[in-house]
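Biologist: I have the two chains open in front of me. Can you walk me through the model?
Modeller: Go ahead and ask.

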Amino acid sequence: MTDAALMTNAADLLVIGAGPAGVGAATMAAEHGLDVVLIDENYAAGGQVYRPMPPGFARRGSPGPDAAIGDAQRELLARSPVRTAFGKLVWSVSQTFRVDAVGEDGPTHWTAPALIAATGATERVIPFPGWTEPGVIGLAAATALLKSQQMLPGRTTLVAGCGPLLLAVAAGILKAGGRVAAVVDLASPVDWMSTLPALASRPDLLARGVGWVTLLKRRGVPVLFRHAIIGVRRSAGGLAATIGPVDAARRPISGVLERELSIDCVAVGHGLVPGTEISRIFRARHRFEHSLGGWIAERDRTGRTSVGGLYVAGDSGGILGAAAAFQQGRMTGLAAARDRGRIDPATFDRLVTPIERSRARNERFGRAMSGLMAAHLGQAAAIAPETIICRCEDVTRAELDAAIDEGAATVDQLKAWTRCGMGPCQGRMCGDTAGALMALRVGDRESAGQFTGRPPLRPIPIDLLTGTYDYADIPIPGPAPL
Amino acid sequence: MTGLSFDTAVIGAGVMGASTALHLARAGMRTVIIDRGAICREASGVNAGTLTLHMTRAALIPYAMAGRQRWIDAPIWLGADVGGRAVEGMSVAFTPAEAEMVEQRAKSRREQGAPIEVISPARARAVEPGLNERVILAAYSEIDGYASAYLTGRAYRAALVAAGAEIREATAVVGVDRAAIDRTGGGFTIRTATGEVIRARRLVLAGGVWLEQMLGWIDVTIPVKCLINQLIVTERVRPVMRTVLGVASGLLSLKQFENGTVLIGGGWQGIGDTVRGGVEAIPDNLMGNMRLARYTIPALAQARIARIWLGLESETSDALPMIGAVPGVPDAYVIGCVHSGYTSGPYMGELLAELILGKATSMPLFDPARLVTGGAPVRSGSVA
């Protein structure tokens with residue numbers, strides 16, 4: 001990679017997101033002759049799971065398995081001819097596959113005949129009273145603190161929600177020297193047991209899970225199955241969390257066996273929602289797939305969407321986990337090379353088969369975990385009226401319900417009528433819950449719809465975008481009629 | 001054939017159609033309003049909400065002043081606050097050419113009754129302390145303001161329900177037949193994609209940029225141009241401005257709402273058409289619009305852009321509205337293609353309702369007959 005090469009903003013393929021899917025796609029496509037630009041807002045590849053250390057940070061002790069995989073993927077990328085653009089916030093993607101981004105050195109853009117969106121997922125937190133209090137963070141945020149900065153999220157943390165991140169975060173906190181007040185899991189032991197056959201497809205990951213459970217047991221951390229946080233409030237010592245049992249629909253059994261825990265941090269997450277911002281902006285066809293995290297772009301096995309030249313790789317097209325994402329990215333990279341005529345169909349078939357086999361194994365594991373993380377309608381149904389749903393704009397469930405009563409029939413209309421989803425998170429935090437609440441009234445998630453995709457993909461400061469200029473530099477069109 | 005029968009059917013539930021329907025329903029007419037989408041979810045719900053006289057076509061000033069007052073008084077007559085607020089407004093110049101435009105345009109609009117005066121840079125900066133000190137001249141009006149367009153649909157929907165109007169949202173019209181619905185031989189039969197057949201004695205077409213296709217249903221040809229306006233809004237920021245601002249050319253509209261968000265508009269063009277709707281913004285045009293905004297209010301530099309979208313604006317061949325009876329088709333009316341149409345919309349609907357109710361209109365309408373061309377009408381599928 002040379003500076004001259006970097007300055008050419010035309011490429012054969014643009015890949016947005018340098019997590020496992022993006023790295024897999026970019027390296028595979030480049031290996032088969034495509035000129036690829038890989039763009040990410042972070043300073044290095046790895047995404048959320050294989051998160052890199054920030055510049056200036058050194059790892060304590062030996063790298064864990066995720067760090068080792070991340071290092072291997074970063075190494076793979078460094079050896080490839082892929083042109084990388086790190087520290088670039090993509091804010092616009094257009095139908096002509098022009099991608100606009102800003103970095104510390106100002107605005108830039110690239111163009112290509114094909115684009116792969118590999119933008120991962122957003123954590124879902126189903127709101128409860130107090131979820132907006134300082135000290136209440138996502139499981140994914142806790143993971144980021146532990147992994148990249150080796151920071152404890154709090155002194156005493158309540159770990160709550162569902163899915164494998166519960167165990168990973170609780171064990172991570174213990175290993176880093178913190179205290180875990182309890183693990184509060186929506187799922188039952190039976191739910192976990194039912195995933196065992198699929199887990200057997202990845203004995204290494206299963207062994208890791210068993211290790212986490214053993215550690216929790218050894219440290220005497222209570223694990224409460226079929227429990228949820230009822231509410232969190234500020235207290236003298238930090239936070240007080242009320243927890244209680246839930247029924248099979250994940251609805252709290254009111255007033256029964258509730259107890260309060262004194263903590264200073266709550267790490268809570270209810271699964272992951274695919275990051276479909278790009279495929280929505282392209283108006284690709286989407287469908288709602290509960291078991292894969294929610295709305296996803298329709299795609300074939302290699303990631304081709306309903307929009308010619310647009311591919312979706314990894315969890316942004318359905319939650320299947322990091323390992324499957326890498327393999328699926330490789331298949332998508334291969335498909336892009338084939339679609340651009342760099343490899344013939346026979347070569348494609350020969351190359352794709354072993355990758356697909358490996359992906360299928362990882363996918364089995366991913367689907368089982370995704371199943372544990374899928375949202376249950378009972379969770380949304382149980383949200384109390386005064387609970388804030390849109391934390392950017394302080395919109396409560398009661399306000400959303402009132403708008404639905406008045407005739408709002410889609411989430412877009414709900415947004416216009418209440419400002420739910422209009423804040424700086426651009427609906428990433430509230431969109432799934434707003435859709436679930438509307439589905440309770442209109443029947444299903446498809447009818448409720450999803451927020452229309454809008455640029456910018458991330459909130460962008462005007463000074464970064466506009467740079468330094470004189471008035472004469474502004475290409476003002478002819479005046480409007482008088 | 002069976003189907004509900006109404007005194008008037010309004011097709012297109014933007015602010016023009018919704019206002020017309022509201023006043024008809026309130027006057028006691030059995031009224032149905034039909035839209036393929038939701039009430040005020042196209043231009044009427046996504047425009048910049050500018051209630052300014054500085055960007056209004058001179059000939060429409062009296063209408064805009066009446067419409068603006070209705071937005072501000074919306075809690076009283078409409079029954080809900082659409083965020084209509086009265087603030088001062090200016091159109092500013094940064095170059096000698098723009099200064100000349102400020103003078104000319106202020107004069108034309110003043111002649112039509114807009115209380116606009118030309119003021120010095122020092123006074124302009126006193127009115128708007130956030131304004132760039134490089135301003136060389138400004139047109140000032142005490143009468144200006146803004147509303148929050150996204151609240152329009154909710155307000156109108158509630159008002160229409162209260163007035164007893166029938167509402168058909170998510171109901172695309174596939175065609176209109178001029179058919180004898182009663183012994184007099186007049187009336188219209190409206191076929192919809194939901195299968196419902198709606199009959200009405202009178203027809204009001206209020207489809208904004210889709211009016212050309214709608215008029216085709218009743219064999220009338222009036223070309224309608226479609227503009228694709230880009231809009232930009234910031235996240236909530238500290239107060240950076242207190243007025244509604246534009247530049248002399250009309251290529252900027254800028255205001256900060258009570259919630260702290262700043263809306264940047266001005267009609268910079270994006271990509272789209274009447275078939276696909278607004279497809280996407282053009283990055284270079286967004287950049288130009290943002291540069292103009294930041295130049296005008298330098299404190300915007302630190303604000304972050306939260307959302308960008310597109311709104312479709314309709315325009316006739318002479319850029320003046322069409323509001324009135326459809327020539328050659330008894331009992332059919334059309335309303336739309338009004339520059340700064342959001343501002344004057346509530347008043348325009350009131351005027352058309354006056355005509356339909358057989359009253360003298362309080363201001364002249366805009367006869368569509370002048371716009372009819374000889375060409376074959378556009379025949380296309382569902383647009384309403």
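**Chain B and its contact with chain A**

Modeller: This is a predicted model. Chain B has 384 residues, for which a compact globule would have a radius of gyration near 21 Å, and chain B agrees with that at 21 Å.

Biologist: What box do the C-alpha atoms of chain B fill?
Modeller: Roughly 70 × 40 × 40 Å, taken along the principal axes.

Biologist: How many helices and strands does chain B have?
Modeller: Ten helices and 18 strands. Of the 384 residues of chain B, 58% count as buried. Taking contacts in chain B between residues at least 6 apart in sequence, 73% join residues at least 24 apart.

Biologist: Which domains does the assignment give for chain B?
Modeller: The assignment lists domain 1 as 4–44 + 151–221 + 318–371 and domain 2 as 86–142 + 225–315. The centres of these two domains of chain B, taken over C-alpha atoms, are separated by 31 Å.

Biologist: How many residues of domain 1 of chain B are in contact with domain 2 of chain B?
Modeller: Nine residues of domain 1 are in contact with seven residues of domain 2. On the domain 1 side, the classes are six nonpolar, two polar and one charged.

Biologist: Now the contact between the chains. How many residues does it take from each?
Modeller: Chain B gives 43 residues and chain A gives 34 residues. On the chain B side, the elements with two or more residues in the contact are α5 (96–111), α7 (152–162), β15 (277–280), α9 (283–296) and β16 (304–315).

Biologist: Which of them gives the most?
Modeller: α9(B), with eight residues. By class, the side of chain B that touches chain A has 23 nonpolar, eight polar and twelve charged residues.

Biologist: Which strand of chain A pairs with β16(B)?
Modeller: Strand β23 of chain A, residues 460–461, pairs with β16(B) in the antiparallel sense over two bridges. A:P461 stands opposite B:R304 there.

Biologist: Staying just before that strand, where is the cis peptide bond?
Modeller: The bond from A:P455 to A:P456 is cis, with omega near -5°. A:P456 is in the loop between α16 (445–448) and β23 of chain A.

Biologist: Let's move to α14(A). How many of its residues are buried?
Modeller: Seven of eight, so α14(A) is mostly covered, a residue being buried if 20 or more other C-beta atoms lie within 10 Å of its own. The buried residues are A:V411, A:Q413, A:L414, A:K415, A:A416, A:W417 and A:T418.

Biologist: What covers them?
Modeller: The cover includes β22 (395–396), α13 (397–406), α15 and α16 of chain A, together with α2 and α7 of chain B.

Biologist: And what does A:R419 do just after α14(A)?
Modeller: A:R419 takes a positive phi of about 70°, although it is not a glycine. A:R419 is in the loop between α14 (411–418) and α15 (431–442) of chain A.

Biologist: Is A:R419 buried or exposed?
Modeller: A:R419 is buried, because it has 20 other C-beta atoms within 10 Å and the cut-off for buried is 20 or more.

Biologist: What about B:C40?
Modeller: B:C40 also has a positive phi, of about 55°, although it is not a glycine. The residue is in the loop between β2 (31–34) and α2 (43–46) of chain B. B:C40 counts as buried because 30 other C-beta atoms lie within 10 Å.

Biologist: New topic. What is the strand order in the open sheet of three strands in chain A?
Modeller: The order is β4-β5-β6, with antiparallel pairing. β4 (89–93) and β6 (106–111) stand at the edges with a single partner strand each, so one side of each has no neighbour in the sheet. Neighbouring strands of this sheet are turned by 25° against each other on average, direction ignored.

Biologist: How many bridges join β4(A) to β5 of chain A?
Modeller: Four, and the two strands run antiparallel. A:S92 stands opposite A:D100 in β5(A).

Biologist: Last one, A:V210. Where is it, and is it buried or exposed?
Modeller: A:V210 is in helix α8 of chain A, residues 203–218. A:V210 counts as exposed because it has 12 C-beta neighbours inside 10 Å. From A:V210 to A:L167 the C-alpha to C-alpha distance is 9.5 Å, and they are 43 residues apart in sequence.

Note on methods. Residues numbered from 1 in each chain as written. Chains lettered and ligands numbered in written order. Predicted model: local features only at pLDDT ≥ 70, side-chain atom pairs only at ≥ 80, totals over all residues. Contact = placed C-beta atoms within 7 Å. Nonpolar A, V, L, I, M, F, W, Y, C, P; charged D, E, K, R; others polar. Pairing = 2+ DSSP bridges. Domains from an automatic or database assignment. Rg over C-alpha atoms; globule rule 2.2 N^0.38 Å. Axes fitted to C-alpha atoms, helices over the stretch in contact; angles between N-to-C directions.
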